[in-house]
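Hi everyone, thanks for making room for me today. I'd like to walk you through one model, starting from the outside and ending up in a pocket.

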Amino acid sequence: GQDTAVYAISLIQIRMKDDGGFETIAEPDPGQRFADRYLRFFPRTVVLGPNEAQTVKIQLTRTNELTEGEYRSHFYFRSVPRIKPLDGEEKPEDTTAISVRLIPVFGITIPAIIRVGESTAKVTLTGLSLGAGGDGKPMLEMVINRTGNMSVYGDISVDHISDKGTVTSVGIANGVAVYTPNSIRKFQMDLDNQHGVDYSKGTLRVIYSASSDVKPARLAEAELAIQR
């Protein structure tokens, strides 16, 4: 943007729902542990001019209190609206009417995860089904099943394999997570229909891989034979 903006930084607690949505909570669910009491950060307010950046320092504390497992909280970066002086506001033409002005507040959250010990997390993909979205595009539905002591995070890729063995990439979804303590996440994604793929037959191969710049680790794989 072209204006100076102010952002407040805080830590909040979030629950992931089975459909991938989020809810803000105050108390942890069974099997969930918050990370906020083990984190310090500075600054807590950031003023940014156009094209400026600000480094936020984060420190891990109380490590002697951490036991094996995973702790998660979310950094919340919230824009602070600029409040104009009352004498600088525009006066409504009709002084007998009630006026309401809505000021949107924008924010983003970033998970902060502390992990202690070895991960026992495992993933399977089940419930694969092929349908159509509201716009008529092919849509793949699945259930991501997580077990173990830690969250999983990665990318989903989908290939269509024709009866003749031709492999075509038809879908990619990056940054798909299943946070503890959730055991499942119901997920759906649109597939590409621009490459002449015949979705009435063939096989869909789905691969869920942990993100990596070197060699992504394959977390789970499943196939769906299309029969129509």
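Let's begin with the surface: about 14700 Å² of this chain is exposed, and 50% of that area comes from carbon and sulfur atoms. Please keep in mind as we go that this is a predicted model. As for the inside, 35% of the chain's 228 residues are buried.

Now, what is the chain built from? You'll count 14 strands and 0 helices, so to speak a β-β-β-β-β-β-β-β-β-β-β-β-β-β run when read from the N terminus. How do the contacts spread along the sequence? Taking those with a separation of 6 or more, 67% join residues 24 or more positions apart.

That brings me to the pocket I promised. The largest one has a volume of about 410 Å³. Its lining has 20 residues, and those closest to the centre are Ala 5, Val 6, Tyr 7, Ser 79 and Phe 106.

Which strand gives the most to that lining? That would be E1, with 4 residues. If you'd like to find the contributors on screen, look for strand E1 at 5–16, strand E4 at 45–48, strand E6 at 69–80 and strand E7 at 107–116; each of them supplies at least two lining residues.

And what about the character of the lining? The largest pocket is lined by 14 nonpolar residues, along with 4 polar and 2 charged ones.

So, to leave you with one picture: a chain of 14 strands and 0 helices, with a largest pocket of about 410 Å³. Thanks for listening, and I'm happy to chat afterwards!

Methods:
Residues are numbered from 1 along each chain as its sequence is written. This is a predicted model: local features need pLDDT of at least 70, side-chain atom pairs count only at pLDDT 80 or more; totals for chains, interfaces and linings use all residues. Side-chain values use heavy atoms; hydrogens and water are left out. On a 1 Å grid over the protein atoms alone, a cavity is a set of points where a 1.4 Å probe fits but cannot get out, and a pocket is an open set with protein on both sides within 12 Å along at least five of seven lines; lining residues have an atom within 4 Å of a point. Grid points are joined across faces, edges and corners, and a volume is the space filled by probe spheres set on the points. Ala, Val, Leu, Ile, Met, Phe, Trp, Tyr, Cys and Pro count as nonpolar, Asp, Glu, Lys and Arg as charged, and the others, Gly among them, as polar. Buried means under 20% relative accessible area, exposed over 50%, partly exposed in between (1.4 Å probe, protein chains only). Contact means heavy atoms within 4.5 Å. Accessible areas come from the Shrake-Rupley method with a 1.4 Å probe; for residues, only the protein chains shown count as cover.
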